[in-house]
Amino acid sequence: KNRMENILVTGGAGYIGSHMVRVLLENGYQQVVFDNLSTGYREFVPKWIPFIKGDLRNPAHVEKIFDQYPIAAVMHFAGLIVVPESVIDPLKYYETNVSGTLNLLKAMVNANVKFFIFKVYAANTSITTMAVATKKKIGGIFTIERIKTPIEMNGVDALIAKFAVVAERTIDAITRSICLV
């Protein structure tokens, strides 16, 4: 553990992200929280933890974090998760969940940040068929395993974002899907 470097927690003012912020704090990790507060709350993040209000869809916002702070790893919890809304306005979900994740990956690569934990949220109506893409190193080549077809729009954008994470071979990623009931 290098206590001089920070863990960036995107979506750190949201429900899951703010809980991770507390766990990291309890274990002595320095961190920076990045959130657009569209569904999160500033008061969920302790005042002494650096907080940046910004949007992952804006590359300049994302790049600024890596310019201002030494980041060792990223825990990515930012994203839209409401299934009915994702069906009504899928482009909003693609822009946030896919483009936002791509902007984050680009900034990580530029800053030489190699550690990434990525949580994809899904409603329990789509979890059984949501894509699960994981990296498995076989002879130096990373592969995609266990691909399933999403039944909801937020499963589709999650699949695309996960493929992008897995395809970026310079980042050691852990991707898992969780269900919010």
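Me: Where does Asn 112 lie?

Reply: You'll find Asn 112 in the loop between α4 and β5. Helices here are DSSP runs of H or I with at least four residues, strands are runs of E with at least two, and both are numbered from the N terminus. Before you go on: this is a predicted model, where local features need pLDDT of at least 70 and side-chain atom pairs count only at pLDDT 80 or more, while totals for chains, interfaces and linings use all residues. Residues are numbered from 1 along each chain as its sequence is written, and side-chain values use heavy atoms, with hydrogens and water left out.

Me: Is Asn 112 buried or exposed?

Reply: The label goes by relative accessible area: buried is under 20%, exposed is over 50%, and partly exposed is in between (1.4 Å probe, protein chains only). Asn 112 has 54% relative accessibility, so it counts as exposed. Check its backbone too: phi is near 60 degrees, a positive value in a residue other than glycine.

Me: And what is the phi of Leu 37?

Reply: Leu 37 has a positive phi of about 60 degrees, although it is not a glycine. Leu 37 sits in the loop between β2 and β3, and with 25% relative accessibility it counts as partly exposed. Glu 43 belongs to the loop between β2 and β3 as well. Glu 43 counts as exposed because its relative accessibility is 63%. Here's a fun one: Glu 43 and Ala 13 are 30 residues apart in sequence, yet their C-alpha atoms are 7.7 Å apart in space.

Me: How many helices and strands should I look for in the chain?

Reply: Look for five helices and eight strands. Walk along the sequence and the pattern goes β-α-β-β-α-β-α-α-β-β-β-α-β. Of the 181 residues in the chain, 44% are buried.

Me: What share of the contacts comes from residues 24 or more positions apart?

Reply: A contact means heavy atoms within 4.5 Å. Take the contacts in the chain with a separation of 6 or more: residues 24 or more positions apart account for 64% of them. For a single case, try Thr 96, found in helix α4. Not counting residues up to four places away in sequence, Thr 96 touches Arg 57, Gly 79, Leu 80 and Thr 101. Thr 96 counts as buried because its relative accessible area is 17%. Asn 97 lies in helix α4 too, and at 10% relative accessible area it is also buried.

Me: Which residues touch the most other members of the largest nonpolar core?

Reply: A nonpolar core is a set of buried Ala, Val, Leu, Ile, Met, Phe, Trp, Tyr and Cys residues joined through side-chain atoms within 4.5 Å. The largest one has 17 residues, and Leu 8, Ile 65, Phe 66, Ile 71, Val 74, Leu 104 and Met 108 touch the most other members. At least two residues each come from β2, α2 (59-68), β4 (71-76), α4 and β5 (115-123). Helix α4 gives the most, with four residues. Click on Phe 66: leaving aside neighbours within four places in sequence, Phe 66 is in contact with Leu 8, Ile 71, Val 74, Leu 104, Ala 107, Met 108, Ala 111 and Val 113.

Me: Which residues does the second core include?

Reply: That separate core has 12 residues, among them Ala 13, Val 21, Leu 24 and Phe 51. You've met Ala 13 already, with its C-alpha 7.7 Å from that of Glu 43.
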